[in-house]
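This report describes selected features of one protein model. It considers a buried polar residue, the nonpolar cores and one pocket in turn.

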Amino acid sequence: MDDRHVLVTGAASGLGLGIVEGLLQCGASVTMLDVDADQLARSAATVDPAGGTVTTRVCDVSRADEVHAVVTAAAAERPLDAVFANAGIAGGPGVNTPEGRVYDLDWAAFDAALAVNLVGTLATVRAAASAMRPVGRGSIVVTVSTAGLRADSMVGYGYSASKGALANLVRQAAVDLAPDGIRVNGIAPGPFHTNIGGRGPIDPAVEQAWADTVLLGRMAVRQELQGMALLLASDASSFMTGTVYPVDGGALAGAF
């Protein structure tokens with residue numbers, strides 16, 4: 001990734017931060033985007049830039065005009081080689097809880113999940129493609145989820161609906177953008193340790209419940225997403241587009 005410029009949304013923590021760390025280790029220059037300005041500044045100060053550089057920009061991906069302006073400005077400083085549309089929120093409790101069932105659906109939480117996870121991702125894809133089109137190349141990577149590929153009682157309706165839509169958005173955008181030399185792929189993480197369900201230590205019972213859905217018998221840490229992220233951002237995936245790749249410890253292969 002030497003001399004490559006990569007932009008990552010939702011970069012201040014969790015999977016986004018793990019992607020940033022992996023890119024920097026391989027020599028990329030990274031622009032980190034996040035809505036949380038304080039956490040973004042803290043995270044940027046702690047990462048090792050290695051052979052690359054780190055730039056930060058505050059951005060609320062649920063605002064399409066803001067996404068376009070920020071991505072365009074980043075590309076004006078240096079052309080974008082890859083963009084990770086990673087920002088996402090949980091959007092309410094899972095359907096395995098009384099408050100998460102359809103009978104008591106929290107419409108505000110549902111709308112918020114779609115605004116960030118679906119509309120925010122589409123806005124990021126659109127802005128990235130607009131920046132990449134003049135140079136005729138680029139890689140866009142969308143963070144989907146195993147919950148977007150099959151039912152998952154541990155997540156809520158907003159998360160499930162938005163991530164399911166993203167799986168097809170990846171395919172649709174790949175068809176649309178291939179003539180412009182732009183590849184679009186997705187990563188479907190299984191259970192990872194992140195802040196998406198709230199900051200602080202995870203409840204051991206909840207962690208065990210997640211671990212029980214995985215063939216490898218545990219949740220993953222953010223560094224375990226780096227291999228797939230680096231593959232899809234680099235020329236090593238030059239003949240890969242339109243597919244969502246699970247990184248899930250065998251969760252999709254096992255009985256759920």
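## Asn 185 and its surroundings

In this predicted model, a polar atom of the Asn 185 side chain lies 3.3 Å from the backbone nitrogen of Gly 242. Asn 185 belongs to strand 6, which spans residues 182-189. The residue has a relative accessible area of 0%; because buried means under 20%, Asn 185 counts as buried.

Beyond residues up to four places away in sequence, Asn 185 touches Ile 140, Val 141, Val 142 and Val 170. Its contacts also include Leu 232, Met 240, Thr 241, Thr 243 and Tyr 245, together with Gly 242.

## The largest nonpolar core

The largest nonpolar core has 34 residues, and within it Ile 140 and Leu 177 touch the most other members. Three helices give two or more residues to this core: helix 3 (64-77), helix 4 (107-132) and helix 5 (157-177). Strand 4 (82-85), strand 5 (138-143) and strand 6 (182-189) do so as well.

Which residues does Leu 177 touch, not counting residues up to four places away in sequence? They are Val 125, Ala 129, Ile 140, Ile 182 and Val 184. Ile 140 is thus a contact of Leu 177 and also a contact of Asn 185.

## A second core and Leu 23

A second core, separate from the largest one, comprises 31 residues. Among them are Leu 23, Ala 44, Ile 187 and Leu 225.

Leu 23 is located in helix 1, which covers residues 14-25. Its relative accessibility is 0%, so Leu 23 counts as buried. When neighbours within four places in sequence are left aside, Leu 23 is in contact with Met 1, Val 6, Val 8, Ala 28 and Val 30, and also with Phe 84, Leu 230 and Ala 233. Between Leu 23 and Thr 46, which are 23 residues apart in sequence, the C-alpha to C-alpha distance is 15 Å.

## The second largest pocket

The second largest pocket holds about 230 Å³ of space. It is lined by 13 residues, of which Val 125, Arg 126, Ala 129, Asp 176 and Leu 177 are the closest to its centre. Helix 4 and helix 5 are the elements that give two or more residues to this lining.

By class, the lining contains seven nonpolar, two polar and four charged residues. Leu 177 appears both among the residues closest to the pocket centre and in the largest nonpolar core. Two of its contacts, Val 125 and Ala 129, are likewise among the residues closest to the centre of the pocket.

Methods: Residues are numbered from 1 along each chain as its sequence is written. This is a predicted model: local features need pLDDT of at least 70, side-chain atom pairs count only at pLDDT 80 or more; totals for chains, interfaces and linings use all residues. Side-chain values use heavy atoms; hydrogens and water are left out. A nonpolar core is a set of buried Ala, Val, Leu, Ile, Met, Phe, Trp, Tyr and Cys residues joined through side-chain atoms within 4.5 Å. Buried means under 20% relative accessible area, exposed over 50%, partly exposed in between (1.4 Å probe, protein chains only). Helices (H or I, at least four residues) and strands (E, at least two) are DSSP runs, numbered from the N terminus. Contact means heavy atoms within 4.5 Å. A polar contact is a pair of N or O atoms within 3.5 Å; within protein, one must be able to donate a hydrogen and the other to accept it, and residues adjacent in sequence count only if both atoms are side-chain atoms. On a 1 Å grid over the protein atoms alone, a cavity is a set of points where a 1.4 Å probe fits but cannot get out, and a pocket is an open set with protein on both sides within 12 Å along at least five of seven lines; lining residues have an atom within 4 Å of a point. Grid points are joined across faces, edges and corners, and a volume is the space filled by probe spheres set on the points. Ala, Val, Leu, Ile, Met, Phe, Trp, Tyr, Cys and Pro count as nonpolar, Asp, Glu, Lys and Arg as charged, and the others, Gly among them, as polar.
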